[in-house]
Amino acid sequence: MLSGLPCLGSGLGYRPELAAAIGDHSDRIDWLEVITEHYLFEPGDQRETLLDLRRRCPIVPHGVELSLGAPEETDGRYLDALAQLVADVGAPWFSDHLSFTRAGDVALGTLVPLPRAREVAREVGHRAQAAQEAVGVPLLLENITYYLDLPAPLTEAQFITEVMEHCECGLLLDLTNLDVNARNHGYSPEEFLDSIPLERVVQVHLAGGEDDPAGAMALDTHAAPVPEQVWTLLSELVKRAPVRTTLLERDALFPEDFAELQAELDRARAVLLGAPGTCAGVV
């Protein structure tokens with residue numbers, strides 16, 4: 001299922017602040033990722049805006065509210081709307097996070113890390129598989145940042161690997177999240193890559209962050225250029241994993257000159273084109 005997915009190339013996260021620039025430079029943006037929840041239950045004009053984007057380039061929904069680790073079952077109404085959204089834009093896959101965002105009727109407003117235990121991984125894997133089957137295209141699961149790391153039976157890499165044992169989903173590997181977590185919690189990002197099923201990696205997220213003013217913690221802000229150590233991780237990853245596409249995320253402090261973002265898009269595309277994998281010479 002994953003091996004037949006298309007090579008989309010170098011994409012950009014759609015944000016309203018970037019709409020004009022995206023319209024002006026759509027010929028140099030291979031695809032767009034949109035936030036799922038911005039379009040699920042919105043009126044027709046919002047969906048028409050999305051379909052207009054789809055006429056320019058491929059669209060992939062990226063969610064924050066699938067909440068696979070929540071105590072309750074996944075909301076069937078949410079899954080039905082998600083399946084319709086995916087069908088409307090002809091998305092080759094959809095994605096969400098290895099986290100939970102709700103507890104009962106309470107919306108937590110953040111991506112909460114999951115307890116890293118085998119029974120939790122098994123349940124999350126089963127829910128992810130069920131969501132994938134309900135929507136009808138592959139689901140990619142993304143690693144998140146976490147700033148508090150409680151003692152757990154499994155490492156983050158072991159937990160991700162265990163989840164993947166219980167589903168046929170792909171991985172959306174956020175290399176900035178990996179870099180931030182590795183620096184904050186004192187582990188090697190290279191050893192992390194050695195420990196997860198790289199054959200499941202379909203997509204990569206790239207973003208920039210910063211260090212907190214005290215210098216004690218790295219922060220994932222999506223408000224800065226992609227740092228060099230993340231580019232290094234990307235160059236290493238594409239040698240070892242069947243990466244189909246990259247996605248540049250920028251959520252704040254947008255540069256006045258879109259050429260800054262375009263340069264990062266071009267750099268990511270060049271890394272993909274230089275890789276020995278299945279997308280070389282395609283994007």
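**Pockets, a cavity and cores**

Mentor: The largest pocket has a volume of about 440 Å³, a volume being the space filled by probe spheres set on grid points that are joined across faces, edges and corners. This is a predicted model, in which local features need pLDDT of at least 70 and side-chain atom pairs count only at pLDDT 80 or more, while totals for chains, interfaces and linings use all residues. Residues are numbered from 1 along each chain as its sequence is written, and side-chain values use heavy atoms, with hydrogens and water left out.

Trainee: What makes a space a pocket and not a cavity?

Mentor: On a 1 Å grid over the protein atoms alone, a pocket is an open set of points with protein on both sides within 12 Å along at least five of seven lines, whereas in a cavity a 1.4 Å probe fits but cannot get out. The space of about 440 Å³ is a pocket, so it belongs to the open kind.

Trainee: Which residues are closest to the centre of the largest pocket?

Mentor: Of its 21 lining residues (those with an atom within 4 Å of a point), the closest to the centre are V64, H97, L111, H222 and D251. Strand β6, residues 106-112, gives the most to this lining, with three residues.

Trainee: Why is E142, in the lining of the second largest cavity, called charged, and N143 polar?

Mentor: Asp, Glu, Lys and Arg count as charged, while Ala, Val, Leu, Ile, Met, Phe, Trp, Tyr, Cys and Pro count as nonpolar and the others, Gly among them, as polar, so E142 is charged and N143 polar. The lining of this cavity divides into seven nonpolar, one polar and one charged residue, and the cavity holds about 40 Å³ of space.

Trainee: What makes a group of residues a nonpolar core?

Mentor: Its members are Ala, Val, Leu, Ile, Met, Phe, Trp, Tyr and Cys residues that are buried (under 20% relative accessible area with a 1.4 Å probe, protein chains only) and joined through side-chain atoms within 4.5 Å. The largest core has 74 residues, and L12, L32, L141, L175, L206 and L237 touch the most other members. Helix α3, residues 76-89, supplies its largest share, seven residues.

Trainee: How do you know that T176 and E249, which L206 touches, are not core members?

Mentor: Contact means heavy atoms within 4.5 Å, but Thr and Glu are absent from the residue types of a core, so T176 and E249 cannot be members.

Definitions and conventions: Helices (H or I, at least four residues) and strands (E, at least two) are DSSP runs, numbered from the N terminus. Buried means under 20% relative accessible area, exposed over 50%, partly exposed in between (1.4 Å probe, protein chains only). Lists of a residue's contacts leave out its neighbours within four places in sequence.
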